[in-house]
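Reader: I am new to this structure. Please take me through it, and tell me the reason behind each label.

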Amino acid sequence: MPFGLNSYFYSRPIQGPMVISAMYRVDAGVKWTFAGNRAELALKAGDLFNSWSPEKLELRYKTQHFNMHLVPDSRRISLSFVYKFGNFQAKPHKAVDSSRFGK
């Protein structure tokens, strides 16, 4: 049963005169293969700590004073099921005739 864990971090980005808070994210997933490798069940969760959106945006430029406080809502969870039917065999394909393209 494979398990995966990914993490991302952006330090405070520079957006001209705008100040944006740092963002980070942790994703996790587990996959279970059964029925002779024909069936697969996968559970994935993204942004476990709900921190992938900046919490604060500020702009201070001349006469512009802009504050934006965001309510992050980027968590997600997914469950998928895949079943492979039959014994698929790819059909042989003819080679592409490239003689007309010149050399």
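**Labels and their reasons**

Reader: Why is F85 called exposed?
Author: This is a predicted model. In it, F85 has a relative accessible area of 71%. Exposed means over 50%, so F85 is exposed.

Reader: Where is F85 placed?
Author: F85 lies in the segment after β8.

Reader: Which residues make the nonpolar surface patch?
Author: F85 is one of them. The others are M1, W32, L41, L43, I77, L79, F81 and Y83. The patch covers about 1,100 Å².

Reader: What makes these side chains one patch?
Author: Nonpolar side chains are joined within 5 Å, and each residue needs over 30% relative accessible area. F85, at 71%, is over that cut-off.

Reader: Which strands supply at least two residues of the patch?
Author: β5 (39-46) and β8 (76-83) each do so. The largest share, four residues, comes from β8.

Reader: How many helices and strands are there?
Author: The protein has zero helices and eight strands. Along the sequence the pattern is β-β-β-β-β-β-β-β.

Reader: How do you know whether the protein is spread out or compact?
Author: Its radius of gyration is 24 Å. The globule rule gives 13 Å for 103 residues. The value is well over that, so the protein is more spread out than a compact globule. The C-alpha trace spans about 70 × 50 × 15 Å along its principal axes.

Reader: What share of the residues counts as buried?
Author: Of the 103 residues, 17% do. Buried means under 20% relative accessible area.

Reader: What about the accessible surface?
Author: The total is about 8,900 Å². Carbon and sulfur atoms hold 58% of that surface.

Definitions and conventions. Residues are numbered from 1 along each chain as its sequence is written. This is a predicted model: local features need pLDDT of at least 70, side-chain atom pairs count only at pLDDT 80 or more; totals for chains, interfaces and linings use all residues. Side-chain values use heavy atoms; hydrogens and water are left out. Patches are made of residues with over 30% relative accessible area and no salt bridge: like charges are joined within 9 Å, nonpolar side chains (Val, Leu, Ile, Met, Phe, Trp, Tyr) within 5 Å. Accessible areas come from the Shrake-Rupley method with a 1.4 Å probe; for residues, only the protein chains shown count as cover. A salt bridge is a side-chain nitrogen of Lys or Arg within 4 Å of a carboxyl oxygen of Asp or Glu. Buried means under 20% relative accessible area, exposed over 50%, partly exposed in between (1.4 Å probe, protein chains only). The radius of gyration is taken over C-alpha atoms; the globule rule is 2.2 Å times the number of residues to the power 0.38.
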